[in-house]
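Hi everyone, thanks for making time. I'd like to walk you through a structure that's new to most of us, and I'll keep it informal.

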Amino acid sequence: MKVAKVIGNIWATRKDESLAGLKLMILLPIDLLHEESYHTPIVAADIIGAGVGETVLFVSGSSARSAVGDTTIPVDATIVGIVDDKEINENVL
């Protein structure tokens, strides 16, 4: 799993039929230690109802397809959790 900040929504009127009904969000992957972005934004299917501004957990690849319940759906990333809080022991780093 990876962590990202939800920075927006994206809509596509014309799309693959298997994407019908999926909410699509724009994610900015972040580094948990510094809470800074480390990658360009990506589009992810949202199966849990995340909102803009929330920090989320997402999966990619075949895990993303499994998370939406159908391995034939053409998604590369799926939001699978909303982060409530985190605790990092920096003495271990």
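I'll go from the overall picture to the salt bridges and then to a few single residues.

One thing up front: this is a predicted model. So what is it built from? The protein has 1 helix and 6 strands. If you start at the N terminus and read along, the order is β-β-β-β-β-α-β. In other words, five strands come before the helix, and one more strand follows the helix.

Now the overall dimensions. The C-alpha trace spans about 50 × 25 × 20 Å along its principal axes. There are 93 residues, and 28% of them count as buried. The accessible surface is about 6,000 Å², with 49% of that belonging to carbon and sulfur atoms. As for how the chain meets itself: take the contacts with a separation of 6 or more, and 53% of them are between residues 24 or more positions apart.

On to charge. How many positive and negative side chains are there? The count is 7 positive and 13 negative, and the centres of the two sets lie 8 Å apart. Side chains of opposite charge can pair when their charged atoms come close. Here we get 2 salt bridges, so let me take them in turn.

The pair I'll start with is Lys23 and Asp46, where the closest N and O atoms are 3.4 Å apart. Lys23 sits in strand β2, residues 23-31, and Asp46 sits in strand β4, so this pair ties together parts that are 23 residues apart in sequence. Are the two partners buried or exposed? Asp46 is buried, at 6% relative accessible area. Lys23, on the other hand, is partly exposed, at 35%.

The other pair is Glu35 with Lys86, and there the closest N and O atoms are 2.5 Å apart. Where do these two sit? Glu35 is in the loop between β2 and β3, and Lys86 is in the segment after β6, so the pair ties together parts 51 residues apart in sequence.

Let me stay with Glu35 for a second, since its backbone deserves a look. Most residues other than glycine have a negative phi. Glu35 has a phi near 50°, which is a positive value in a residue that isn't glycine.

And what about Lys86? Lys86 is partly exposed, with a relative accessible area of 36%. Setting aside residues up to four places away in sequence, Lys86 touches Leu32 and Glu35. So Glu35 shows up twice for Lys86, as a contact and as the salt-bridge partner. If you want a distance to another part of the chain, Lys86 and Leu57 are 29 residues apart along the chain, and their C-alpha atoms are separated by 12 Å.

Also in the segment after β6, have a look at Val83. Val83 counts as partly exposed, at 26% relative accessibility. Which residues does Val83 contact, leaving aside neighbours within four places in sequence? Those are Thr55, Val56 and Leu57. Val83 and Ala50 are 33 residues apart in sequence, while their C-alpha atoms are 10 Å apart in space.

Let's move to the surface. There's a nonpolar patch formed by Met1, Ile47, Ile48, Val80 and Ile82, with about 420 Å² of accessible area together. One of these, Ile47, is in the loop between β4 (42-46) and β5 (55-60). Ile47 counts as partly exposed, at 39% relative accessibility. Patch members need over 30% relative accessible area, so Ile47, at 39%, clears that bar.

My last stop is Thr40, in the loop between β3 and β4. Thr40 is exposed, at 51% relative accessible area. Exposed here means over 50%. Which residues does Thr40 touch, not counting those up to four places away in sequence? Leu28 and Pro29. With Pro29, which is 11 residues away along the chain, the C-alpha separation is 7.4 Å.

To wrap up, keep three things in mind as you turn the model around. There's the strand order with the helix just before the last strand. There are the 2 salt bridges, Lys23 with Asp46 and Glu35 with Lys86. And there's the nonpolar patch on the surface, which includes Ile47. That's it from me, thanks for listening.

How values were computed. Residues numbered from 1 in each chain as written. Predicted model: local features only at pLDDT ≥ 70, side-chain atom pairs only at ≥ 80, totals over all residues. Heavy atoms only, no water. Helix = DSSP H or I, 4+ residues; strand = E, 2+ residues; numbered from the N terminus. Buried < 20%, exposed > 50% of the residue type's maximum accessible area, 1.4 Å probe, protein only. Contact = heavy atoms within 4.5 Å. Areas by Shrake-Rupley, 256 points an atom, 1.4 Å probe, with all protein chains shown as cover. Lys, Arg positive; Asp, Glu negative; His and termini not counted. Charge placed at Lys NZ, Arg CZ, Asp CG, Glu CD. Patch = residues over 30% accessible without salt bridge, like charges linked within 9 Å, V, L, I, M, F, W, Y side chains within 5 Å. Salt bridge = Lys/Arg side-chain N within 4 Å of Asp/Glu carboxyl O.
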